Amino acid sequence: MISKKLVNAVLILLMLISLACGAFTVYDAAVNAHEKHQAQDLGGFFEIPSAPQIPNDNGVGPQKPRNAVGDYLNYIASGSRLSGGHAALILICCAVFSVCLLFLIFSAKNNKFFLNKEKSAIFALSSVLLTAVLSAAVVFGANAALFGSAPTERDPSSSENGDVQLDESNTAQGENINLSDQLSDITVKKGGSYTLTGSFDHSVIIDAENEDVELILNGANISSDSTAAILGLAARKITVTLADGSENILSSDGDSDYNACIYSNSELVFEGEGELTVKGFQKNGEGIATEEKNIIFNGGSYTITSNDDGINTGGDGATITINGGEFYIDASGDGIDSNKNAVINGGTLFVMGSEAGGNAAIDTDDGYLINGGTVVALGIDMLQLPKAKSRQSTVSFGLDKIIQGGAAVTLACGDKSVVSFSAPKGFKTIIISTNELESGSYSLYVSDNGGTDSYGITENGAVFGEKLTADGENEFAVSQGVNYFGGRDEQTHGK
């Protein structure tokens, strides 16, 4: 005869194993949620194959055969973003735990209770009820912890965000899209490469979960009066390629939570040798923004004007990487803003933050690197220095007075001009980085002949005019690395 102590020990062991299995399942769901764009993950291993479709009684359409377990799994999964496989494993673990626990309870007084039909029925019913309660609690609890809240059902032909309703009924057909032929928003629902030409006053929406999408802009003019001009709802990666020699214009207005002219929930990559004008004129509108996803620029020419930040990675942040391209950014917030970090490896950047103050030309939570390229970044009061381990030298100034818009400024070493620029609005802080910066004595000259047609960085600026001062000095001994001259009223830090 098997002793009661041994039976109890085995039951307790099974309960512990079921708890461990349940914990592992929730952990796997967390990994799957964090890396949901990766197809090879344990969630895929646990996925339950869908039931085959069979003709219905009328022979006119498919239906799935019904079964109680399948219906219950569909029920608990319908209010959850966990996969069916995770829900099934949780159900099994809860069933094992429930049966073992109730057996221990029922057998405490009579270890042969199962020989009694009435008690056996009560045991079976109790096991089913406890399993249902525990599995539902674990599924919805894990869903709330991992995803915040259960998703609501969404009409596949429309999406709502704030007061804006998106029309996704017009799906892109083919790889070449003439926007002038479209009468409403157009939605890309499959991965691939799409060439956009022509003009329209709607939005281009990308809703292609776990797929890569490339938009080739070749003379595209997109204007939305209610939300983003290009809106990335879902994709693994979105690449915006500017066709060689093309001129493209995007603009957005209105007031929506998709508050950028180009807004994406996916990683954004910009390539090509064309030109792109971005006008982020929504309320608190940004130029180019993602929600916690990287933004990478490999080439192209960009003119970005915005009511808030020029380029932004929001939420918990991501990395903004600039490997090449030409940038003219006129922002009413931060010029470049990352809630994580930024890396500038090349390109030519002329960046202006808000003239009203309270913002910076470049603002990051974890610091930024300048490893190459030419950078001129202007602000009115806040100044963040690049990290000391940047591979290219930088000189920054907190000037003693505000330089009014339209003035021309030249940084010179002796009688050699290093970089010249002119801005349409006032500034008091300056960040300059170029591969021409060497150790030596430098001065800043200002004159009033900037002109309204020469905003941005210019070459071979004249070395004349008034010498600007920072902390009372007008000669600056620059060395290799990160240099700063000026008072400490500005917010300065480089990590």
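**Figure 1. Strand β32 and its partner strands in a predicted model.** The model shown here and in the other views is predicted. G440 stands opposite V478, a residue of strand β35. Strand β35 covers residues 476-478, and its pairing with β32 is antiparallel, over 3 bridges. Strand β32 itself runs over residues 440-447, and 6 of its 8 residues are buried, which leaves the strand mostly covered. A second partner of β32 is strand β29 (residues 408-413); these two strands pair in the antiparallel sense over 6 bridges. Within that pairing, C413 has Y442 of β32 as its bridge partner. Strand β34 (residues 466-467) also pairs with β32, again in the antiparallel sense, over 2 bridges. Here the bridge partner of V446 is E466 in β34. As background for reading the strands, side chains in a regular strand alternate between the two faces of the sheet.

**Figure 2. The salt bridge between E466 and K401.** E466, the residue of β34 that is the bridge partner of V446, also forms a salt bridge with K401. The closest N and O atoms of E466 and K401 are 3.0 Å apart. E466 lies in strand β34 and K401 in strand β28 (residues 394-403), so the salt bridge ties together parts that are 65 residues apart in sequence. Is E466 buried or partly exposed? With a relative accessibility of 41%, E466 counts as partly exposed. K401, at 39% relative accessibility, counts as partly exposed too.

**Figure 3. The salt bridge between K425 and D330.** The structure holds 4 salt bridges, and one of them joins the side chains of K425 and D330, with an N to O distance of 2.7 Å. K425 sits in the loop between β30 (416-422) and β31 (427-433), whereas D330 belongs to strand β21. The pair links distant parts of the chain, 95 residues apart. Both partners are covered: K425 is buried, and so is D330.

**Figure 4. The salt bridge between R236 and D212.** In this view the side chains of R236 and D212 meet in a salt bridge of 3.2 Å, N to O. R236 lies in the loop between β10 (230-234) and β11 (237-242), and D212 in strand β9 (residues 212-224), so the contact ties together parts that are 24 residues apart in sequence. R236 counts as partly exposed, at 38% relative accessibility. D212 counts as partly exposed as well, at 35% relative accessibility.

**Figure 5. The aromatic pair F103 and F123.** The structure holds 14 aromatic pairs. In the pair shown, the ring centres of F103 and F123 are 6.3 Å apart and the ring planes stand at 85°, so the pair is edge-to-face. That label follows because planes over 60 degrees apart count as edge-to-face. F103 lies in helix α4 (residues 84-106) and F123 in helix α5 (residues 117-147), so the pair ties together parts that are 20 residues apart in sequence. F103 is partly exposed, with a relative accessible area of 21%, whereas F123 counts as buried at 14% relative accessibility. The two residues fall into separate classes because buried means under 20% relative accessible area.

**Figure 6. The aromatic pair Y328 and F350, and an aromatic cluster.** How are the rings of Y328 and F350 arranged, stacked or edge-to-face? Their centres are 5.5 Å apart and their planes are at 25°, so the pair is stacked. Y328 is in strand β21 (residues 326-331) and F350 in strand β24 (residues 348-352); the pair links distant parts of the chain, 22 residues apart. F350 counts as buried, at 2% relative accessibility. One aromatic cluster is formed by F270, F297, Y302 and F327.

**Figure 7. A nonpolar patch on the surface.** L6, V10, L13, L14, I17, I92 and V96 form a nonpolar patch on the surface. Together these residues have about 590 Å² of accessible area. Helices α1 (4-34) and α4 each supply at least two residues of the patch. Which helix gives the most? Helix α1 does, with 5 residues. I17 is found in helix α1, and I17 is partly exposed, with a relative accessible area of 49%.

Terms used: Residues are numbered from 1 along each chain as its sequence is written. This is a predicted model: local features need pLDDT of at least 70, side-chain atom pairs count only at pLDDT 80 or more; totals for chains, interfaces and linings use all residues. Side-chain values use heavy atoms; hydrogens and water are left out. Rings of Phe, Tyr and Trp (its six-membered ring) pair if their centres lie within 6.5 Å; planes under 30 degrees apart count as stacked, over 60 as edge-to-face and the rest as tilted. Helices (H or I, at least four residues) and strands (E, at least two) are DSSP runs, numbered from the N terminus. Buried means under 20% relative accessible area, exposed over 50%, partly exposed in between (1.4 Å probe, protein chains only). Two strands pair if DSSP finds at least two bridges between them. Patches are made of residues with over 30% relative accessible area and no salt bridge: like charges are joined within 9 Å, nonpolar side chains (Val, Leu, Ile, Met, Phe, Trp, Tyr) within 5 Å. Accessible areas come from the Shrake-Rupley method with a 1.4 Å probe; for residues, only the protein chains shown count as cover.
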